[in-house]
Amino acid sequence: MGAWSAESDLVTGWCLFGVALLLILAFCWVYVRKYQSRRESEVISTITSIFALAIALITSALLPVDIFLVSYVKNQNGTFKDWADPNVTRQIEDTVLYAYYTLYSIILFCVFLWIPFVYFYYEEKDEDDGDTCAQIKTACKYTLGFLLVCAILLIIGAFVPLDIPHKKNSTEWEKVKFLFEELGSNHGLAALSFSISSLTLIGMVAAVTYTAYGMSALPLNLIKGTRNASYERLENTEDIEEVEQNIQRIKSKCKDGRPLPTRDRRALQQLEGRLRGLRRRGRRLEYVEKSCWTKFCGALRPLKIVWGVFFILVALLFTISLFLSNLDKALHSAGVDSGFLILGTNLTNPLNMLLPVLQTVFPLDYILITTIIMYFIFTSMAGIRNMGIWFFWIRLYKIRRGRTRPQALLFLCMILLLIVLHTSYMIYSLAPQYVMYGSQKYLIPNNMTADGHPANGTAFAPKDCDANAPEGQCTITRTYLFLHKFWFFSAAYYFGNWAFIAVFLIGLVVSCCKGKKSVIEGDADEDDSDMSDDEPALYYG
């Protein structure tokens, strides 16, 4: 009976994970199809983008399953359930662990082999349209560089020392050492962990760059709205007239047959290019002004304001929770040499209190975690769309609905994949107690009665699991152990959280100071071709 109950509980968690998997695949398909170019779409790049983004989201969806399973082996009074013997508990832990390593192995395959190959194949196709063998050969050549980086990371991870440097032996050090030894000393698993942690570190940089700014830009754009299409069109018409007058003035200098000076020829070329852009912009504005979708969006304006206020409150909640969590680590952690590992929670925060409560009513915490992950995805997308994809000071690609090139789409999904990888650590930072133990409790002696008088016999009272729990009384999630296998990555994530808070506050000030966006923001740029007018209906959905 106990074994059957254990199996049914395990199936419950994995069935919900399967439902989440189907929803993730549907979301990724819609999301990628929404942004890919209709004229330049490629089947292979579309499938690669959908698969890469889906595998990252599926990995994040495993987090609440992990927490649910370790929490479900215990009752709310702190005792283990009848079927939860050590063998069953270890089997549950191993199932989640193997699922993580399978998904992480697929992520390494995507990041270091599949995505680079497809990207360089299409880059070569743009330059030399015809010789498929040459394109594949060139793509393989560049992909070997990524495989070399992956091999180096795996080798370093297999042999890097896991021991944390410490100055003195203490009880705190013993607890930290026990946590690091919990995952075992298998060098193959350590190599994979090191590689994924390296990617997560890159994801942290992307989150600081795009997600932190998007958390402020998205809600404020919803609140402020866009400029009026009719007013913009009137301004655009005036700009066209002004440019045409300047062109006529320059051309009038050569009516008598004299050649134009070099300076005037250069100015004329610039003005003619600007005139083409303004006319293209005018056509887009005219379409938007007459569009029924624009009028429908105008009717939804109050709802957008409500959503904007809600999103800014959520962003402030995340920022406050992250600040309190980081402050707790700064004041009470084992120090930088342990990766600011904190044993227990001293300064609680709203999310750290809310998630364990929701976890007792399955699947409320699953829904909240999914909401947080999707919120990070949408805010990251808002940041990427506002900023574009840059390599230092060089702008590589723009991300626009219905007009994103295959290479840009691969870049976009790669960035989102890395950000989603970092999301697991972000959730740990927001709710460390929840990610580490879930809702588990253990029993401690309590010799006092309810009215405060000494009890006749020894009684036990439940207490939330922490590092002081006796060995074997609390099960640590595989997610937590994986995140903290290498202390120096944890230290980098800690400082990255401070950078995230700083960029969010700066982005909040910048977004407040900026005016309303154009109703066709990003859809009519100077470097667009006239062919881009073929799909105007795709930009305003």
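In the residue classes used here, Ala, Val, Leu, Ile, Met, Phe, Trp, Tyr, Cys and Pro count as nonpolar, Asp, Glu, Lys and Arg as charged, and the others, Gly among them, as polar. Keep that in mind as you move through this predicted model.

**Stop one: the enclosed spaces**

Searching the whole structure turns up 5 cavities of 30 Å³ or more. Head for the largest cavity, which holds about 70 Å³ of space. To see its walls, select Tyr 104, Ile 196, Ser 197, Thr 200, Leu 421, Ser 424, Phe 482, Leu 483 and Tyr 493. Now colour by element: α6 (187-224), α13 (406-430) and α15 (478-483) each give two or more residues to this lining. The largest share, 3 residues, comes from α6. What is the lining of the largest cavity like by class? You will find 6 nonpolar residues, 3 polar and no charged.

**Stop two: an open pocket**

Stay with α6 and move on to the second largest pocket, where about 960 Å³ of space lies. Its lining has 28 residues, and those closest to the centre are Ile 202, Phe 391, Phe 411, Met 414 and Ile 415, so select these five to centre your view.

Next, show the elements around the second largest pocket: α3 (86-127), α4 (132-159), α6, β1 (389-391) and α13 each supply at least two lining residues. Which element gives the largest share of this lining? Here it is α6, with 7 residues.

Finish by colouring the pocket lining by class: 25 residues are nonpolar and 3 are polar, with no charged residues.

Key. Residues are numbered from 1 along each chain as its sequence is written. This is a predicted model: local features need pLDDT of at least 70, side-chain atom pairs count only at pLDDT 80 or more; totals for chains, interfaces and linings use all residues. Side-chain values use heavy atoms; hydrogens and water are left out. On a 1 Å grid over the protein atoms alone, a cavity is a set of points where a 1.4 Å probe fits but cannot get out, and a pocket is an open set with protein on both sides within 12 Å along at least five of seven lines; lining residues have an atom within 4 Å of a point. Grid points are joined across faces, edges and corners, and a volume is the space filled by probe spheres set on the points. Helices (H or I, at least four residues) and strands (E, at least two) are DSSP runs, numbered from the N terminus.
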